[in-house]
Amino acid sequence: MLSKFIFLYCALVIVITGILAVRFRNPVHSVLAVLVLFFHMAGLYLLLNAEFLAAIQIIVYAGAILVLYLFVLFLVNIRQEIKTERFVANHNISKFISFLVFLILIAVTQSFRLGTPGKWTTDAIRQATHTKALGIEIFTSYILPFEIIALILLVAVVGGILLAKQDKQEVVMAQKEGSGSLTRGGKK
Amino acid sequence: MNTFSPFTLSSLSFLGPELVLLSVGILLIVVDLFFENRLLLPWLTAAGTLVSLVLLFNSPSGIVFGYMYVVDAYSVFFKMVCLVGVLFTVLLSERYLTTEKLRHGEYYSLLVFSTVGMMAMVSGGDLIVVYLGLELMALSVYCLVGLLKQDSRSNEASLKYFLMGAFSTGLLLYGISLIYGLTGTTDLSMLSQRVVSLDLINNHAFLVGLGLVLVAFCFKVAAAPFHMWAPDVYEGAPSSITAFMAVAPKAAAFAVLGRVLIMGFADVHIHWGPIIAFLAVLTMAIGNIAAIAQKSLKRMLAYSSIAHAGYALLGILAGNNEGLSATMNYLFIYAFMNMGAFAILILLCDNKRRGEQLDDYRGLAKTNPLVAALMLVFLFSLVGLPPTAGFIGKFYLLVAAIHAGYIVTVVAAMIFSVISAYYYLRVVRYMYFENAVQETAAVSISPGMTAALVLAMIGMIGMATFPGPILSFAGKSLIGF
């Protein structure tokens with residue numbers, strides 16, 4: 001009963017802060033909303049007996065990644081909001097469809113049955129300790145996905161630098177204009 | 001069946017083609033840093049792709065990493081399609097990048113990394129590997145689409161593709177998590193057993209999970225109504241990347257669709273068959289009808305690519321090996337004809353004109369008879385007129401759908417095929433029966449471009465005259481599937 005209550009509390013806060021993070025106009029506020037979201041996510045992990053993941057969630061996401069986000073926000077000079085037109089002009093239909101999908105997703109949870117559990121039950125993990133269980137799985141069964149993730153990170157770094165770096169030609173143009181502003185996407 | 005499968009060096013021999021491409025991708029970044037000669041890069045990539053292609057047919061087949069990675073003839077076929085797509089793209093990019101003043105180094109390595117992602121997707125025997133392969137592929141393509149930093153259309157395309165892609169990934173993951181919760185496994189072969197043993201065929205939660213996975217992959221193949229991003233992204237991206245996106249990632253997504261639906265969820269065919277049939281008709285309708293209204297050839301080819309995804313879905317909906325092999329065959333032929341058409345588009349792109357507008361093609365037959373003749377062949381093939389390769393591909397698709405009993409869908413496909421003739425042949429009319437608006441300069445041809453055009457023509461003629469080998473290869477790869 002208590003765990004159900006805690007779950008509902010965490011889930012509710014996650015959804016609310018998630019929406020707030022998107023709705024806030026000030027990016028710093030958004031980041032703070034996400035911070036609250038991450039803490040409650042860690043709460044959910046605790047509820048599932050995954051203490052190690054909860055710790056990692058707080059150290060890596062809340063501790064490291066969000067701080068990086070804040071640094072980026074300070075580095076990127078957002079004096080005014082970048083305003084573009086909506087990609088989809090009429091979004092009432094989208095709202096209707098999203099609401100319908102939401103209802104369907106809620107409705108089908110009724111027919112959800114838990115499948116066959118694998119070999120890592122809560123007790124098995126407790127016996128082997130969390131880090132060991134996780135380590136064994138990642139470096140044996142899931143070694144290939146692990147390596148692919150490494151590659152994805154490489155692509156993210158290369159791609160990020162490629163897109164963010166100013167070309168020589170671009171620098172010249174920016175100097176001519178007398179400002180170092182980014183080229184902004186807009187409607188053609 | 002969680003077999004303990006420690007990582008052994010011998011399992012790497014199954015990954016030969018992927019490892020070669022991966023090394024080429026990393027090498028390209030380094031070479032770009034230290035060598036001034038920019039022409040080295042495309043040819044290095046092309047050589048790497050060829051080596052990978054050769055290795056592909058000489059690698060052992062089997063299931064490695066504990067059911068995570070399946071190297072079978074099915075995956076080899078799709079990897080071949082993807083590698084052919086990349087090879088074409090590299091050959092097309094050689095001159096195009098200089099014209100558009102794009103940076104060379106990272107362009108090619110991102111292209112190569114994206115291919116590695118596709119190969120992982122195609123070979124993935126586990127939903128996790130499929131998902132990660134998809135991410136690797138998509139992330140590289142997001143960057144490639146936005147490379148024309150000066151062009152606001154390219155920026156918009158990249159942002160739009162990224163946002164929509166992230167959203168569809170969310171749907172995919174939610175679907176996978178539902179399926180995992182219900183069955184307790186992400187292994188595709190285990191999944192099909194569990195679906196039967198746990199009696200999930202009529203479970204609503206399971207069907208919604210399957211539906212979400214379906215939506216995510218329909219998004220990747222740009223099937224209507226999940227095609228909204230495609231025209232803008234295809235138009236905004238650099239032309240060589242547009243050609244690439246229309247062929248390789250699409251083929252990889254179809255491979256997964258085929259593997260997941262026919263290998264994982266064959267027993268649920270009664271549920272997904274009609275849905276795919278509906279999507280196929282809708283995709284063909286939207287693709288073909290919207291293409292008529294386009295003034296830009298590039299955008300027209302984008303809509304045509306949507307329409308062709310609809311044709312390829314015809315084979316999937318049959319839900320049997322005959323249909324799947326027809327889809328495979330069609331995707332292979334499509335790679336050649338679409339790359340051919342884009343090669344002409346890129347050939348006409350120089351400092352003075354973009355080669356993207358239909359008006360650029362007025363009177364082309366008088367100024368450049370050879371280029372116009374080549375374009376004619378590619379367009380006839382895209383329509384599917386006999387005796388071109390496109391006709392052969394479409395023919396087997398329609399036959400497979402008829403055998404599966406989807407007569408109405410096939411009739412619709414025929415009608416939309418006829419409609420498509422209008423906008424493809426309009427280009428032909430512009431080229432042959434109208435006079436050039438302005439005096440067009442002679443096209444400058446480059447070695448890469450020549451190679452791409454020759455390759456496309458050889459492919460087209462080969463497939464039109466001897467369609468047997470590829471068809472039987474596709475059919476054979478499905479035995480014991």
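# Chain A, chain B and their interface

Me: Where in chain A is A:N49 placed?
Reply: In this predicted model, A:N49 follows helix α2 (27-47) and precedes helix α3 (51-75) of chain A. Its place is therefore the loop between α2 and α3.

Me: What is the phi of A:N49, a residue other than glycine?
Reply: Most residues other than glycine have a negative phi. A:N49 has a positive value instead. Its phi is near 65°.

Me: How much area do chain A and chain B bury between them?
Reply: The contact involves 40 residues of chain A and 55 residues of chain B. The size of an interface is often given as the accessible area lost when the parts come together. Carbon and sulfur atoms carry 70% of the buried area, and the total between chain A and chain B is about 4,300 Å².

Me: How many residue pairs are in polar contact between chain A and chain B?
Reply: Side chains of opposite charge can pair when their charged atoms come close. Between chain A and chain B, however, the count of salt bridges is zero. For polar contact, with both residues at pLDDT 80 or more, the count of residue pairs is four.

Me: Which helix gives the largest share of the side of chain A that touches chain B?
Reply: Helices α4 (92-108), α7 (143-164) and α8 (168-177) of chain A each supply at least two residues of that side. The largest share is 14 residues, and it comes from α7(A).

Me: How many nonpolar residues does the side of chain A that touches chain B have?
Reply: Sorted by class, this side of chain A has eight charged and ten polar residues. The count of nonpolar residues is 22.

Me: How far apart are the end C-alpha atoms of helix α17 of chain B?
Reply: Helix α17 (residues 407-433) has 27 residues, so at 1.5 Å a residue it should span 39 Å. The helix bends by about 25° at B:Y424. The distance between its end C-alpha atoms agrees with the expected span, at 38 Å.

Me: Which residue meets B:K160 in a salt bridge?
Reply: An α-helix has 3.6 residues a turn, so residues three or four places apart point the same way. B:K160 and its partner both lie in helix α6 (residues 152-183) of chain B, four residues apart. The N to O distance is 3.4 Å, and the partner is B:E156.

Me: What is omega for the cis peptide bond that joins B:P386 and B:P387?
Reply: Most peptide bonds are trans. B:P387 lies in the loop between α15 (369-383) and α16 (389-403) of chain B. For the bond from B:P386 to B:P387, omega is about 5°.

Conventions
Residues numbered from 1 in each chain as written. Chains lettered and ligands numbered in written order. Heavy atoms only, no water. Contact = heavy atoms within 4.5 Å. Buried area = accessible area lost by both parts, 1.4 Å probe. Salt bridge = Lys/Arg side-chain N within 4 Å of Asp/Glu carboxyl O. Polar contact = N/O pair within 3.5 Å; in protein donor to acceptor, adjacent residues only side chain to side chain. Nonpolar A, V, L, I, M, F, W, Y, C, P; charged D, E, K, R; others polar. Expected span 1.5 Å × (residues − 1). Bend = angle between axes of the 7 residues up to and from the residue.
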